Amino acid sequence: MKRFYIFVMIAVFALVGCQSNVAQTNSTSNEQTNETNELEKVSVVLDWTPNTNHTGLYVAKENGYFEEQGLDVEIIQPGDAGADQLVASGNAEFGVSYQESITLARTQDVPIVSIAAVIQHNTSGFASPAAKKIASPKDFEGQVYGGWGSPIEQAVLETLMNTENADINKLDIVNAGDADFFTMTNQGIDFAWIYYAWTGIEAELRGEDINMVYLTDYSEKLDYYTPVLATNEKMIEEKPETVKAFVAAASQGYQFAIEKPEEAAAILSKAAPELDTELVLESQKWLADKYQDDAPRFGEQKLEVWQNYAEWMKENGVLEGDFDPEAAFTNEFLPKEGE
């Protein structure tokens, strides 16, 4: 992506000495002002349409945190290429990704790296209308699951069902494509995989009772980071200060969302007016204490989480090739205490 620069000109000069010295001083001051105030233009590509997983980015932009770090950040949606592909290829400097996709990508030598965890613990799970009485993995038997056709889905379903000696062969798995949870359940699907922070809150607002079977209630290895902020190895090697600046501003944005969820929700709704403002607000309040949770600081990642999930993937035949968990993520660019 071509780089463009915004020059913020501030002309404040002291008129001292003779005319020739004044001219020389003005010329030097202009050059220094340009160097001091130019912003580096970078982009961050979302994983999906705007939602409360992304609030910290919109807050950082609206409140000037990116600008304070010397960055002019464009927030873009992924389109057909997908966030990981754009980031890995360098067509976007930063992106919103997931531990599961980065793990798979790196076994194919795709140079994408996680630089901060947006949410500390996996808040996803299998949702169903309460009337279906699907309260545990055992209840998956005889039901219809609507997914998107990924082999990881079947592996996760089987892992959960095995904990209760349930038979996955008694579960009908269908590809529902891009249909949302509410559309699926009105078309013969019994349950689906959702993020409670968005779809679960939406169900509450609709007055629709749902049951949730959370992944983390049945396997510690499925408590992975989803979503994360990511960049590519070239950025880390060639522009570490840019990466540090981006992470610092984004961290500040998410910290604002933690401390002031109502104000953060208003910022997201302003940036994405197509969203339901009530859903944004309630989702933001639900997520506020989930971003950092029990971590010592926002964004921090643990090696054991990356190791555990990769082991689970290998055990279930969905990860082939060599995977180095230490190279897949870094805490190097997170602000230190007091920064």
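Reading the model from Asp293 to the largest pocket

Leaving aside residues up to four places away in sequence, Asp293 touches Gln120 and His121. The model is a predicted one. Asp293 sits in the loop between H12 and H13. Its relative accessibility is 41%, so Asp293 counts as partly exposed, since that class lies between the 20% limit for buried and the 50% limit for exposed. Along the chain, Asp293 and Ile258 are 35 residues apart, and their C-alpha atoms are separated by 9.8 Å.

The chain as a whole contains 14 helices and 11 strands. It has 339 residues, and buried residues make up 49% of them. Among contacts with a separation of 6 or more, 80% are between residues 24 or more positions apart.

Helix H13, which follows the loop of Asp293, packs against helix H6. The axes of H6 (residues 151-162) and H13 (residues 303-315) come within 10 Å and cross at roughly 95°. H6 is therefore roughly perpendicular to H13, as angles from 65 to 115 degrees are classed that way. On the H6 side, the contact is made by Ile152, Ala155, Val156 and Thr159, which meet Tyr309, Trp312 and Met313 in H13. By type, the residues of this contact divide into 6 nonpolar, 1 polar and no charged.

Another helix pair is formed by H2 (residues 55-62) and H10 (residues 240-259), whose axes come within 7 Å and cross at roughly 105°. That angle makes H2 roughly perpendicular to H10. From H2, the residues Thr55, Gly56, Leu57, Val59 and Ala60 take part. They meet Phe246, Ala249, Ala250, Gly253, Tyr254, Phe256 and Ala257 in H10. The residues of this contact divide into 9 nonpolar, 3 polar and no charged. H2 itself is mostly covered, with 6 of its 8 residues buried. Those buried residues are Thr55, Gly56, Leu57, Tyr58, Val59 and Ala60. After H2 comes Gly64, which has a positive phi, near 80°.

Next come two buried residues, one in a loop and one in a helix. Thr123 belongs to the loop between strand E5 (112-117) and strand E6 (124-129). At 8% relative accessibility, Thr123 counts as buried, because the class takes in values under 20%. Beyond residues up to four places away in sequence, Thr123 touches Tyr195, Tyr196, Tyr214 and Trp286. Ile201 is in helix H8 and, at 2% relative accessibility, also counts as buried. With the same neighbours along the chain left out, Ile201 touches Tyr196, Leu279, Glu282, Ser283 and Trp286. Of these, Leu279 lies 78 residues from Ile201 in sequence, yet the two C-alpha atoms are 7.0 Å apart in space. Tyr196 and Trp286 are thus contacts of Thr123 and also of Ile201.

Now the largest pocket, which has a volume of about 1600 Å³. It is lined by 47 residues, and the closest to its centre are Trp48, Tyr98, Trp148, Trp193 and Tyr195. Several elements give two or more residues to the lining: helix H4 (83-89), strand E4 (94-97), helix H5 (99-106), strand E7 (144-147), helix H7 (181-185), strand E9 (191-195), helix H8 (196-206) and helix H12 (277-287). The lining residues divide into 26 nonpolar, 15 polar and 6 charged. Tyr195, one of the residues closest to the pocket centre, is also a contact of Thr123.

Some backbone details remain. Most residues other than glycine have a negative phi, and most peptide bonds are trans. Lys133 has a positive phi, near 55°. This residue is in the loop between E6 and E7, and Lys133 is exposed, with a relative accessible area of 68%. Asn165 likewise has a positive phi, near 55°, and lies in the loop between H6 and strand E8 (172-175). Asn165 is exposed, at a relative accessible area of 70%. The peptide bond that joins Thr226 and Pro227 is cis, with omega about 5°. Pro227 is in the loop between strand E10 (210-214) and strand E11 (228-232).

Methods: Residues numbered from 1 in each chain as written. Predicted model: local features only at pLDDT ≥ 70, side-chain atom pairs only at ≥ 80, totals over all residues. Heavy atoms only, no water. 1 Å grid on protein atoms, 1.4 Å probe; cavity = no way out; pocket = protein on both sides within 12 Å on 5 of 7 lines; lining within 4 Å. Points joined across faces, edges and corners; volume = space filled by probe spheres on them. Helix = DSSP H or I, 4+ residues; strand = E, 2+ residues; numbered from the N terminus. Nonpolar A, V, L, I, M, F, W, Y, C, P; charged D, E, K, R; others polar. Axes fitted to C-alpha atoms, helices over the stretch in contact; angles between N-to-C directions. Parallel < 35°, antiparallel > 145°, perpendicular 65-115°, else oblique. Contact = heavy atoms within 4.5 Å. Buried < 20%, exposed > 50% of the residue type's maximum accessible area, 1.4 Å probe, protein only.
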